[in-house]
Structure formats: C-alpha cells, structure tokens
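Trainee: I should like to understand how the terms applied to a structure are justified. May I ask about them one by one?

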Amino acid sequence: MCGIVGAIAARNVVPVLVDGLKRLEYRGYDSAGVAVLAGDAIRRVRRVGRVAEMENAAAEESLQGQVGIGHTRWATHGGVTEPNAHPHVSFGKIAVVHNGIIENHEEQRERLKGLGYAFESQTDTEVIAHLVHHYYQAGDSLFDAVKRASRELTGAYAIGVIAVDRPDELVCARMGCPLLVGLGDGENFIASDVSAIVSATRRVIFLEEGDIGRLTRDGVELLDKDDQPAQRPVHVSDVSLASLELGPYSHFMQKEIHEQPKALSDTIDAVQDYGFNPELFGERAGEVLPKLEGVKILACGTSYYAGLTAKYWIETIAGVQCDVEIASEYRYRSAWANPNYLVTTISQSGETLDTMEALKYAKELGHRYALSICNVRESAIPRASELVFFTRAGAEIGVASTKAFTTQLVGLFALAVTLGKMRGKVSAADEARYLDELRHLPGSVQHALNLEPQIKAWADKFAAKDNALFLGRGLHFPIALEGALKLKEISYIHAEAYPAGELKHGPLALVDEDMPVVVIAPNDTLLEKVKSNMQEVRARGGELFVFADLDSHFSESDGVHVIRTPRHVGVLSPVVHAIPVQMLAYHVALARGTDVDKPRNLAKSVTVE
Ligand code: G6P
C-alpha cells in the first residue's frame, strides 16, 4: 500500500507534501516522512504514527525546501519503526520514497552489501536508494541511475527520487503501482493519487507500466518501458475538493454513509443514460455480451460481497450461471476456465493487487473478455479490462467501504437486467419496472438513513459485547456478511455471518445471552424460514436485533428488538439493508472509541498480496 507524493517548485514544498500525505493517509497510516533538498543537504523528518505527528516535527525543525518527496506507510517489510519509515536515504545523497514490494530485494541487498553499502532498515525500499546511489556515484545522471536501478528491480513499485546535488529535478518511476504526474505553473508534482495534489493542480498524466519520468519546474520528460520517449495524454481531474473534506461530519465513514442517496442517484443516472443496453458497459459490450455463457466474478473484501449479491440477480433475472470467487484464492489454483465466461472484477479502488493478478491469471487461462466494475477512472483494473462500468460514488476515503459497495450493487444489478433483456428473460414491462425500482432506490436509502437514532440506541448495547452473529438468507445473506465485516473491521468486535438456515449446523452452539444476533429479515420469500431460525436463537437465550421492513410484520418482544425500513423494495432490498448494518458498525465503533476511518492494521487500498 503506502502513498507517495513529491514536488518541485519555486516555493517551499513542505506544506504541499504534508497536505498531500494527509489526503493519502487512507493508503497507510503507521508512519510518515518527508525529505527535501535544503542547501547542500537532504533534510529528512520521519515519525511513527500519523502524518500530523510528522507535520509537528517538521514544523519544530523548520523544515523547508523547494524539491521534496513524502510518504505515508503501511508496513510490509520491517516493523513500524522510524528507521523503517520512508524516505530512505543513501549516503546522504539520494532519497527515495516507494509504494509497492520489491521481490528481489534480498538478492539486491546481498549484492549491495558486497559493494560496501550498510543497511539501516529492514525495508525492501532501502535497496532502491542504494542501487540508485551506486549508479549515480559511478557517473550516471540521476535519471539514468533511476532507470538502470529500476530495470534491475522485480516486483511492484512507484518511486520518487531526489539527489542532494540535483536541486532542479525530481525523478519517478512506475511498475505495478499507481503513480501520476501533476502539471502546475512553474511547478510539477508526483502522487499516488490525484487527491494528494488537487489543491495545487488538476492537470495530470497517469504514468504507464514501466514509465520513468524526470520533472523539472518547467517540464516533464517521460521514457516508456522500452526506453523510448513517451507522450501521455493530459487529463483534467474532476475530483472536487469538497469530496475530500469532512464538511459538517465527524468521520469520512459517516459522511460517505450519508452521501449514498446522491452516490446512488448519480450511478443510476448512468444506467438511465444508456438504459439496460450493452453500451452501458462500454463500446465493445455489444459484441461481447451476446457471446457469453456465464459470469465469473473476482473480488476482495466488501467488493466480494457485492459479487455474492450479484450472483442471485444474475442467475435469477438473467438465467446466466454466475460463479463468485475471492481473487486471492482464485489466482493460486488450477481453475477451470470457459473462455466464454465474462470475467467480472469488482474493485472500488481499481488497484487491489489480488484482484488485478486474478484478472491477469483469468486471461492466461483463456478467458477472452473482462468487465471491471470500478469507482476510480484511470486505475489499473479497468484499464486492463475490455468492458467497464464506472460507479459514480465519488471519492471514498474511510477504510470501510460504504457508498462504493452500494453503487457497485447498482452496476451489477444493471448487468443482470441487461443480460436478462438480451436473452429474452426480461420483458419490456419488467425492464420498465426495474428502472422504476432503481429510480426509487435513493429515496428508500434516505428512509433507511433516517433510522439512525434507533440504530444508535442499539449500538450502546453492542459496545459492551465481545462477539456478534449476523444472519440473513438468500439475497440478504451477503448483507449479513457485509454487516459482520463492517462491525469487526471498525469496532474490533468479533463478528460472523451465517445463512440463517445454517445456524443449526454449528453456530447455534455459540448462542447465549451474551451473543447479540443481528438478523436481516425483509419481507421476501424466505421470511417465514428466517422467523423459524430466529425462534431457534430465542429459545437459547440469544438476544435478537432484527432489521425488517414494514411488510415483515414483526413486533418487539422480550429479547427481540426490531427496526423497520418503511416498505419492502423487492429485488433491490439488499441495497437498502446495507445501510442499517453500516450505521450499526459506525455507532458501535464510536461508542468503543476506535479510529473509525483508519482502523488498526488496515488500509483502504491494498496493493500487496
Ligand atoms: C480493503 C478495504 C475494503 C475493500 C477491499 C477491496 O480491504 O479496506 O474496504 O473492500 O480492500 O478493495 P477494492 O478497492 O478492490 O474494492
């Protein structure tokens, strides 16, 4: 993971670097550092902890410079210590920040030790600093030294490099990890993502795999992976500053939960623009979708649960077989591949390494076409896919995914209906009804958000518990899984989810008065079955917390608490029921005083295995 930023300007860049790192903190937040050229030295400040602590230290030391690089870390190689924090410096001459993993670092480390280099950290990154130094002190330009060094690295990297006697340049390279160049007026920048530099410029170039860049104050030179000069298109980012600020909210997760009516409505607009037609998934979809014989979904974390929900829709509405698999498992097994199955990756960030590698593996196995459901334009996974549906959730900063999840569900639902329509399973009347249901979805989600005071009251009861069980059936089982994931990742309460019918095959043994059991129980075809499962819990003293809708006809009783959404919304009900489980996790985390937006040990963008 990790986030990197760099700047070359005619002003002090430390505030730009610090501001950028704060916006990149979602990528990793165990330590942070910056290095700048100050006179004839590289000055560096690093701290374990959040960017704010490093910022204070930089202020105390009056750190200033017009060329610099910064880093916020999520530890992979080496513990969370100051010596392991970036930037890494070689002989006081070269400073490097790095996002990614260098796979041949041990071999390079031995080689460099043989050349007289001493290592101060356990990181893989330090080999980059020494390797660049090795070529630089042998006479290469900084650019050539970075080029030679990076061509000797295997693995994934986005790097930024400065040299003590090169006050007029900043060099960067990219392979496997995101990196962009920001074009300012008499100043230029590098960053892992546009949010880091958007207050300085919106004009950006997304580097391609193997690109190496040299930035001066007035220009940018790029070489491609074959060492040929490269011209890359300049994009104007539409990321709004407001979307990156908290505004009136206490946490990004809270803000993002409340933004869902808007995020959904923006995403539904995309569906309305095209209708349930192949073009919704890109220019080539008209040629690809008629040929497909099945759908193979690959994803991680919350996105995987979106995939599990989609399976119900795709098989029921379109009558198309759909397999869903965790990307990190799929990529390492001898999977069966039907070339005519549409590989569908789901990823908020578009850069999750396991999902990206699973996609590459699927292609190696012979799958012809891939569809990416993604929230970030220009990210790696959609770029590697023939078909794309971009969700319009806006920037999601809280580590626990919320609005990205519900908008992914809209994209997947649209895929199911589109496939159904193409196969004659969805009539014109069905199509009109599905569109109408989609249009009403943001309103139903708003109703669910209005339940917050009741959910908050429940949260106090959960805060004192060590465990929780989530139950759902059919379409709502993935929402139970998502509820358990949300609760464990931000409140640190151990939570598990089961299809309610599976209770009697094991988890019922866990149920007693200390085990709150959350049940997702809207008025669908499985409601009566769920009610029986609830009785099994109640009979063992378990306390039930039921999310129902008006049509479920539940009443409160001793040990049975009920919160109702206004009405049942049919097949889109999982989207509505995602809201209360998100809010429950949020309020339990608040009651327990955890760091909601940056839960321990986690990061939003997981670009490591
Ligand atoms: C991390 C995040 C999760 C996310 C998962 C997959 O674990 O904390 O919120 O669901 O990665 O990320 P992706 O960007 O591929 O959806």
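Mentor: Let us begin with Pro87, which lies in the loop between β4 (67–73) and β5 (88–90). The model is predicted, so local features need pLDDT of at least 70 and side-chain atom pairs pLDDT 80 or more, whereas totals for chains, interfaces and linings use all residues. Residues are numbered from 1 along each chain as its sequence is written, and side-chain values use heavy atoms, without hydrogens and water.

Trainee: Why are β4 and β5 called strands?

Mentor: Strands are DSSP runs of E with at least two residues, and helices are runs of H or I with at least four, numbered from the N terminus. The stretches 67–73 and 88–90 are therefore named β4 and β5.

Trainee: What kind of peptide bond joins His86 and Pro87?

Mentor: That bond is cis, with omega about -5 degrees. Most peptide bonds are trans, and most residues other than glycine have a negative phi.

Trainee: Which value of phi does Ser62 have?

Mentor: Phi of Ser62 is near 50 degrees, a positive value in a residue other than glycine. Ser62 lies in the loop between α2 (51–60) and β4. Tyr492 also has a positive phi, near 65 degrees, and is placed in the loop between α16 (477–491) and β21 (494–499).

Trainee: What makes the pair formed by the side chain of Ser303 and the ligand a polar contact?

Mentor: A polar contact is a pair of N or O atoms within 3.5 Å; within protein, one must be able to donate a hydrogen and the other to accept it, and residues adjacent in sequence count only if both atoms are side-chain atoms. An N or O atom in the side chain of Ser303 is 2.6 Å from a ligand oxygen, so the pair qualifies. For the side chain of Thr352 the distance to a ligand oxygen is 2.5 Å, so that pair qualifies too.

Trainee: How many residues of the shell around the ligand are nonpolar, polar or charged?

Mentor: There are four nonpolar, eight polar and one charged. Ala, Val, Leu, Ile, Met, Phe, Trp, Tyr, Cys and Pro count as nonpolar, Asp, Glu, Lys and Arg as charged, and the others, Gly among them, as polar. Helix α9 (residues 301–318) supplies the largest share of the shell, three residues.
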